[in-house]
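Visitor: I am new to reading structures, and I would like to look closely at a single part rather than at everything at once. Could you pick one helix and take me through its surroundings step by step?

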Amino acid sequence: MLLAVLTDLHANREALEACLAHAQERQAEQYAFLGDLIGYGADPSWVLDTVINYVGRGAYVLMGNHDLGVLQADRKDMNANARAVVEWTRGQLNDYQKEFIRNLPMQIELDNVLLVHANAWAPEKWEYVDGVMEAGRSMNATQAQITFCGHVHRPSLYHMSHAGKVGEFTPVSDLSMSLSKLRRWLVQPGSVGQPRDGNPAACYALYDTVQRELSFFRVPYDAETASQKVLEAGLPAVLAQRLIQGG
Amino acid sequence: MSNNLPKSPNQSASFTAPISEQAGNKSSEQSAASSEKPSSPRRLQVGMVVDGYRLEEKLHMGGMAALWRITDLQERYRSPEGELPALIMKVPLMFSIEDPTAIVAFEVEQMIMPKLKGKHVPRYYGAGDFDAQPFIVMEHIEGVSLRARFDDSPLPVEEVVSVGIRVAAALQDLHRQHVIHLDLKPSNIMFRAGGAAVLIDYGLSRHDKLPDLLGEEFRLPMGTGPYIAPEQVLGIRNEPRSDQFSLGVLLYHLATGERPFGHPTSVSGLKKRLYRDPIPPRDHNPAIPDWLQEIILRCLEVDPSARFDTAAQLGLMLQNPDQLSLTARAEKSGKDGLLSVLKRRFHAAGVEPFAKYSMSDQLSQSPIIMVALHLSESNTELTDDIRMLTRRMLQTEPGARLACVTIRKTSRIGLDEGIVQGGQNMHVKQLVELKHWARSLQVSKDKITFHVLEAHDAAAAIIDYAHNNNVDQIIIGSRGSSTLRRYLGSVSAQVVAEAECTVTVVKQRRE
């Protein structure tokens, strides 16, 4: 089965459309959305409806910290920009959409594959996997051989051998690689809706669960329009700028 | 753990071990992954069927893997012409599970081989599941490895050069596919019936665009004692010119019958090559021409940037030794004096690993650009335009090497002595003209070569030359379209249609 893994959509319609079209062209058979469907971007309602539509067709979807944020009264732990967007986003959503978010799971385990938004050791605490130490901690916290997670808006591939050594790799777009069964893997496809590695192109990954072939992709999309919409919605200008610069 | 050369002349299956007694630093941190060790595979025997492949004959047993000749009972790789490929199965010896290198090397090979294409690598057909029986199925390359020729060294110079040209072409092809072999040695080189070199065993290799599982796992040098490059000794695994060093060792051995750096097995023994220069090949074998010594010693330079920029440029020089600018290396006799060795040793003691390069960057910065010229007085405007374009190319790619080529038309019929003499004069005249054309480009001598090709079919000669010398780009002029040219077809059009590389056509401006 060819699984498309998309994470950190962040209400970016243009980026999500581009990634979904890209995945469909490559005959993706199943979809997983690893949370942070909303927040930052100007199209939360459209993005949620689209994800709900995919769930109706069997897609997996997880809770992210920004999704949870709109359900909570005041998120003092969030930075000012994120809080401003959460407030705005809450006003954009209908009750059905909020109810959908309320019921999202924190993690899903498929056959030997763990899907989680932030990390495997304490998914609800939203700590980042942003180095080999954290990646090792996460891989050791699950029985699954392959973990897909988001939260960090940069594409990365971590791997851990039998000896427990963890390696980090910055993936190259559009090159498939087979994931050896002799080690653990932690895959961060990178963000669909708000990449932060200096490259504004949207990120997602395709994984063939039978052949164990993984491909990362960078998908160029109309970031100017997405950025313009952020400004028009009255959201912080820095968030609009971020889409153009990719970080 | 041993790092001996495999004894068998057959296609070697052995993974080279890291050069260390205890390569796998057992982490104190107990990993969950370690609970998933693959179950012990069955003992393989002739006649046994594994995943639809029948084991026919054990071809080779190495330290880390066994090689079996197999028959695919399901005939899954039948070609469109109905032929079934000759196959072998490489099976890692998983009882060496305590030796992490064997496993990681197998993972590396399984990751890299499916990415490789072309005649210089064994074709990859498939891999077996690690849960049941891990294996890789690949093309069976007939014949014996270059290892078999080593016992007869020193070999005639022509044979040494021919091996060098063919292996350099294979390396260039591999590097172009983003892979550095990192364990080039005689037992890992085979030859197809047509003569093309095939590089086997990718257990220590590095793919520029895939995770380096070995580099992450082991901090100690990995390679084979006699052949490992100095930067590999320091743990650098992304320098394509490391393969050039190994090829230099191999050519040295074939030409002299001696190993330039012996056969060290300890890390300190390996580090010696960072400061101790080898005995010049001609001291061993005076029959070796100075230009070959120049080429071999240049491959063996400690600093990768002092070697040839690319394997293609090395191949070009082996094919055109008269174009090589000789340095002190060519005439060197005896090893360097104690003082300079001590200086280098002092320097080597504190040496940091060399700056890291991306392989694709390096290859793209050192292209071979071929300019095909037709020099005659009637088209100086066109050759001026070609020179202008060439200058622009050289400005953007200062590492480029320029090969200036012109064609001297010959008839197909044999020539008598007098005409040959005249031809010789003609040849020199054209060479002089070529050099004159290039003079104002001010390319340094070691970055430019000149060739007068004698051929009946100019386009075919240009295409052949580009192919044989791994040319990256051809610049050629087009003299516009006369009726006759349309009828006969122009040289440039044929080159554009048939060359394997990029072709830039400079057109004569129409009035």
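Guide: What follows is a walk around one helix and then along one of its neighbours. Please keep in mind that this is a predicted model. To set the scene, chain B has 18 helices and 15 strands, and of its 511 residues 44% count as buried. Among the contacts in chain B between residues at least 6 apart in sequence, 75% join residues at least 24 apart.

The part I would choose is helix 9 of chain B, which covers residues 290–299, and because eight of its ten residues are buried, this helix is largely enclosed by the rest of the structure. If you would like to find the buried residues yourself, they are B:Trp291, B:Leu292, B:Gln293, B:Glu294, B:Ile295, B:Ile296, B:Leu297 and B:Cys299. A residue is called buried here when 20 or more other C-beta atoms lie within 10 Å of its own.

As for what does the enclosing, the buried residues of helix 9 pack against five helices of chain B, namely helix 3 (157–176), helix 6 (241–256), helix 8 (281–284), helix 10 (311–319) and helix 11 (328–331).

Two of these neighbours, helix 3 and helix 10 of chain B, also pack against each other, at an angle of about 160° and with their axes 8 Å apart. Since an angle over 145 degrees counts as roughly antiparallel, helix 3 of chain B is therefore roughly antiparallel to helix 10 of chain B. Helix 3 passes helix 10 in a left-handed crossing. On the side of helix 3, the residues that make the contact include B:Val161, B:Ile165, B:Ala168 and B:Leu171, while those of helix 10 include B:Ala311, B:Leu314, B:Gly315 and B:Leu318. Taken together, the residues of this contact divide into nine nonpolar, five polar and no charged.

We can now step back to the largest nonpolar core, which has 192 residues, and in which the residues with the most contacts include A:Val5, A:Phe33 and A:Tyr204 as well as B:Met370 and B:Ile474. Helix 3 of chain B, the neighbour we have just followed, gives the most to this core, with ten residues. In soluble globular proteins, nonpolar side chains tend to be buried together.

Note on methods:
Residues numbered from 1 in each chain as written. Chains lettered and ligands numbered in written order. Predicted model: local features only at pLDDT ≥ 70, side-chain atom pairs only at ≥ 80, totals over all residues. Buried ≥ 20, exposed ≤ 12 C-beta atoms within 10 Å, placed from the backbone. Helix = DSSP H or I, 4+ residues; strand = E, 2+ residues; numbered from the N terminus. Contact = placed C-beta atoms within 7 Å. Core = buried A, V, L, I, M, F, W, Y, C linked by C-beta atoms within 7 Å. Axes fitted to C-alpha atoms, helices over the stretch in contact; angles between N-to-C directions. Parallel < 35°, antiparallel > 145°, perpendicular 65-115°, else oblique. Left-handed = near helix turned anticlockwise from the far one by under 90°. Nonpolar A, V, L, I, M, F, W, Y, C, P; charged D, E, K, R; others polar.
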